[in-house]
Amino acid sequence: MLDNELADLYGVETKALKRAVRRNIERFTGEDFMIVLSPQEAERLRSRYQNGTMNKTRGENIKYEQFAFTELGVAMLSSVLKSNTAIEINRNIMRAFVELRRLTQLAAASYQELQREINDVKEYIEDILRDQNDINEAHGAQLEAISMAISELQSQKRQQKPMHPIGYNAPQYQHND
């Protein structure tokens with residue numbers, strides 16, 4: 001936002017806003033707080049909103065460098081300006097930060113609880129899988145024992161039973177002589 005718009009918003013004159021910024025310039029260093037517009041940039045912005053002609057009344061034309069503030073700069077302005085609006089905005093910003101910290105702590109606690117629950121579920125599933133593997137190994141051993149027992153029974157049965165000849169056997173007739 002531009003300095004003149006913020007001055008209106010905070011209920012101060014533009015020159016008072018600029019004076020407060022210059023007195024506290026260390027708070028606004030860096031492009032993440034404020035930039036000083038070049039005369040060409042300021043002219044381009046003015047030409048978007050005005051027809052480009054000079055106003056006849058005193059103080060209507062911008063003769064000095066213009067400041068453009070970022071979101072952080074707008075918040076910082078509330079701490080250096082002396083209007084009631086600026087004080088109220090600053091209070092609301094402080095309340096918002098306190099609430100944000102409270103919500104962050106609440107979220108961190110919820111995250112830790114969720115992490116504990118996830119770990120508990122992981123351990124429970126790992127226990128179930130270990131038990132399942134033990135059961136599978138036991139069943140595998142039992143199936144192997146049953147298979148061996150069946151094999152032994154089949155081999156014993158083959159040894160005990162005489163084998164019949166393969167092919168056609170003609171019936172034997174007995175002759176009475």
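Let's start with the lining of the second largest pocket, where helices α4 and α5, the latter spanning 84–160, each supply at least two residues. Of the elements involved, α4 gives the most, with seven residues. Please keep in mind throughout that this is a predicted model.

So who is in that lining? You'll find Phe 33, then Glu 71, Leu 72, Val 74, Ala 75, Met 76, Ser 78 and Ser 79, and further along Asn 90, Ile 93, Met 94 and Phe 97. Sorted by class, that makes eight nonpolar residues, three polar ones and one charged one. The space inside this pocket comes to about 180 Å³.

Let me step back to the whole chain for a moment. There are five helices and two strands, and reading along the sequence you get α-α-β-α-β-α-α. The chain has 177 residues, and 18% of them count as buried. If you take the contacts with a separation of 6 or more, 74% of them join residues 24 or more positions apart.

Now, the largest nonpolar core, which has 18 residues. Which members touch the most others? Those are Tyr 10, Leu 17, Val 21, Phe 28, Phe 69, Leu 77 and Leu 81. Four elements each supply at least two residues here: α1 at 3–10, α2 at 14–23, strand β2 at 66–69, and α4 at 71–80. Helix α4 again deserves a mention, as it gives the most to this core, with four residues. So that helix is the top contributor to the core and also to the pocket lining we began with.

Phe 28 is a nice residue to click on. Setting aside its neighbours within four places in sequence, Phe 28 is in contact with Val 21, Phe 33, Met 34, Phe 69, Gly 73, Met 76, Leu 77 and Val 80. Two of those names, Phe 33 and Met 76, you have already heard in the pocket lining.

Next, some polar residues, and here I have a question for you. Is Lys 18, in helix α2, buried or exposed? Lys 18 counts as buried, because its relative accessibility is 9%, and buried means under 20%. Its side chain makes a polar contact with the side chain of Asp 3, at 3.2 Å. Leaving out neighbours within four places in sequence, Lys 18 is in contact with Asp 3, Tyr 64, Glu 65, Gln 66 and Phe 67.

Gln 66 is on that list, so let's go there. Gln 66 lies in strand β2 and is buried too, with a relative accessible area of 2%. What does its side chain pair with? There is a polar contact with the side chain of Asp 3, at 3.4 Å, and another with the side chain of Asn 4, also at 3.4 Å. Asp 3, then, has side-chain polar contacts with both Lys 18 and Gln 66.

Last stop: Ser 155, which is found in helix α5. At 31% relative accessibility, Ser 155 counts as partly exposed, because that value falls between the 20% and 50% cut-offs. A polar atom of the Ser 155 side chain lies 2.9 Å from the backbone oxygen of Glu 152.

If you look at one thing afterwards, try α4, with its seven residues in the lining of the second largest pocket and its four in the largest nonpolar core. Thanks, everyone!

Terms used
Residues numbered from 1 in each chain as written. Predicted model: local features only at pLDDT ≥ 70, side-chain atom pairs only at ≥ 80, totals over all residues. Heavy atoms only, no water. Core = buried A, V, L, I, M, F, W, Y, C linked by side-chain atoms within 4.5 Å. Buried < 20%, exposed > 50% of the residue type's maximum accessible area, 1.4 Å probe, protein only. Contact = heavy atoms within 4.5 Å. 1 Å grid on protein atoms, 1.4 Å probe; cavity = no way out; pocket = protein on both sides within 12 Å on 5 of 7 lines; lining within 4 Å. Points joined across faces, edges and corners; volume = space filled by probe spheres on them. Nonpolar A, V, L, I, M, F, W, Y, C, P; charged D, E, K, R; others polar. Polar contact = N/O pair within 3.5 Å; in protein donor to acceptor, adjacent residues only side chain to side chain.
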